[in-house]
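Biologist: I am new to this structure and should be grateful for a close look at a single part of it. Please begin with the disulfide and then describe the strands and side chains around it in a connected account.

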Amino acid sequence: QVQLVESGGDLVQAGDSLRLTCSTSGFNSYTMAWFRQPPGKEREFLAAVRWGGRGTYSAEYADSVKGRFTISRDNAKNEVYLRMISLMVDDTAVYYCAARPPSIMLPVTSAEGFDSWGQGTQVTVSS
């Protein structure tokens, strides 16, 4: 398993931007993802970045955040980021970073396949 620590959550206003950071103990070829859990709702997939071999990576996004959220990774720093723009009140949630080995074949949209999770960071968007 990978140790994950999220940071960067904050109280912001609608329309603002925010970048979340997931600091890891090292992820190499792991698939890294961001999920969130709004108050009173289930955890939902946001974005994932997979290792494609030979140093290549591919990203996948939930339709609800496509175009507003961007996932990226810095292998040298062992960090994964989630850049969020045009934040809305409905983006209020606890945001989680997750990791899983490349051998897991479940869809990245499923939290079930991820065996490493951070403690979460709170993002609150006010109107």
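Modeller: The account below starts at the disulfide and then turns to the sheet, the hairpins, the salt bridges and the backbone. The model is a predicted one.

A search of the whole structure finds one disulfide. This bond joins Cys22 to Cys97, with an S to S distance of 2.1 Å. The angle about the S-S bond is -80°, and the link of Cys22 and Cys97 is left-handed. Cys22 belongs to strand E3 (residues 18-24) and Cys97 to strand E9 (residues 93-100), so the disulfide ties together parts that are 75 residues apart in sequence. Cys22 is buried, with a relative accessible area of 0%, and Cys97 is likewise buried, at 0%.

Strand E3, which holds Cys22, also takes part in a sheet. This open sheet has four strands in the order E1-E3-E8-E7, and their pairing is antiparallel. Its edges are strand E1 (4-7) and E7, each of which pairs on one side only. From one strand to the next, the twist averages 15°. Between E7 and E8 there are six bridges, and these two strands run antiparallel. Within this pair, Thr70 stands opposite Arg83 in E8.

Strand E7 also contains Ile71. Ile71 is buried, with a relative accessible area of 7%. What does Ile71 touch, not counting residues up to four places away in sequence? The contacts of Ile71 are Met32, Ala33, Trp34, Ala47, Ala48, Val49, Ala59, Tyr61, Val80, Tyr81 and Leu82. Ile71 and Leu20 are 51 residues apart in sequence, while their C-alpha atoms are 9.5 Å apart in space.

Strands E4, E5 and E6 come next. Strand E4 (residues 31-37) pairs with strand E5 (residues 44-53) in the antiparallel sense, over five bridges. Phe35 stands opposite Phe45 in E5. E4 and E5 form a hairpin with six residues between them, and Gly40 in the turn has a positive phi of about 75°. E5 is in turn joined by six bridges to strand E6 (residues 56-61), and the two run antiparallel. Here Arg50 has Ser58 in E6 as its bridge partner. E5 and E6 also form a hairpin, with two residues between them, and Arg54 in the turn has a positive phi of about 55°.

The salt bridges bring strand E4 back into view. Side chains of opposite charge can pair when their charged atoms come close. The count of salt bridges comes to five. In one of these, the side chains of Glu44 and Arg36 meet at 2.5 Å, N to O. The side chain of Arg36 also meets that of Asp91, at 2.8 Å, N to O. This second pair links distant parts of the chain, with Asp91 in the loop between E8 and E9, Arg36 in strand E4, and their positions 55 residues apart. Are these residues buried or exposed? Arg36 is buried, with a relative accessible area of 6%. Asp91 is buried as well, at 1%, whereas Glu44 counts as partly exposed at 28% relative accessibility. Another salt bridge is that of Asp63 with Lys66, whose closest N and O atoms are 3.2 Å apart. Asp63 counts as exposed, at 69% relative accessibility. Salt bridges that share partners join Arg36, Glu44, Arg68 and Asp91 into one network.

The last topic is the backbone in two loops. Most residues other than glycine have a negative phi. Asn78, although not a glycine, has a positive phi of about 55°. Asn78 is placed in the loop between strand E7 (69-74) and strand E8 (79-84), and is partly exposed, with a relative accessible area of 25%. Ser86 is not a glycine either, and has a positive phi of about 50°. The place of Ser86 is in the loop between E8 and E9, and its relative accessible area of 38% makes Ser86 partly exposed. The loop between E8 and E9 is also where Asp91 lies, and strand E9 is where Cys97, a partner in the disulfide, is found.

Methods: Residues are numbered from 1 along each chain as its sequence is written. This is a predicted model: local features need pLDDT of at least 70, side-chain atom pairs count only at pLDDT 80 or more; totals for chains, interfaces and linings use all residues. Side-chain values use heavy atoms; hydrogens and water are left out. A disulfide is a pair of cysteine sulfur atoms within 2.5 Å. Buried means under 20% relative accessible area, exposed over 50%, partly exposed in between (1.4 Å probe, protein chains only). Contact means heavy atoms within 4.5 Å. Two strands pair if DSSP finds at least two bridges between them. Axes are lines fitted to C-alpha atoms, for helices over the stretch in contact, and angles run from 0 to 180 degrees between N-to-C directions. A salt bridge is a side-chain nitrogen of Lys or Arg within 4 Å of a carboxyl oxygen of Asp or Glu.
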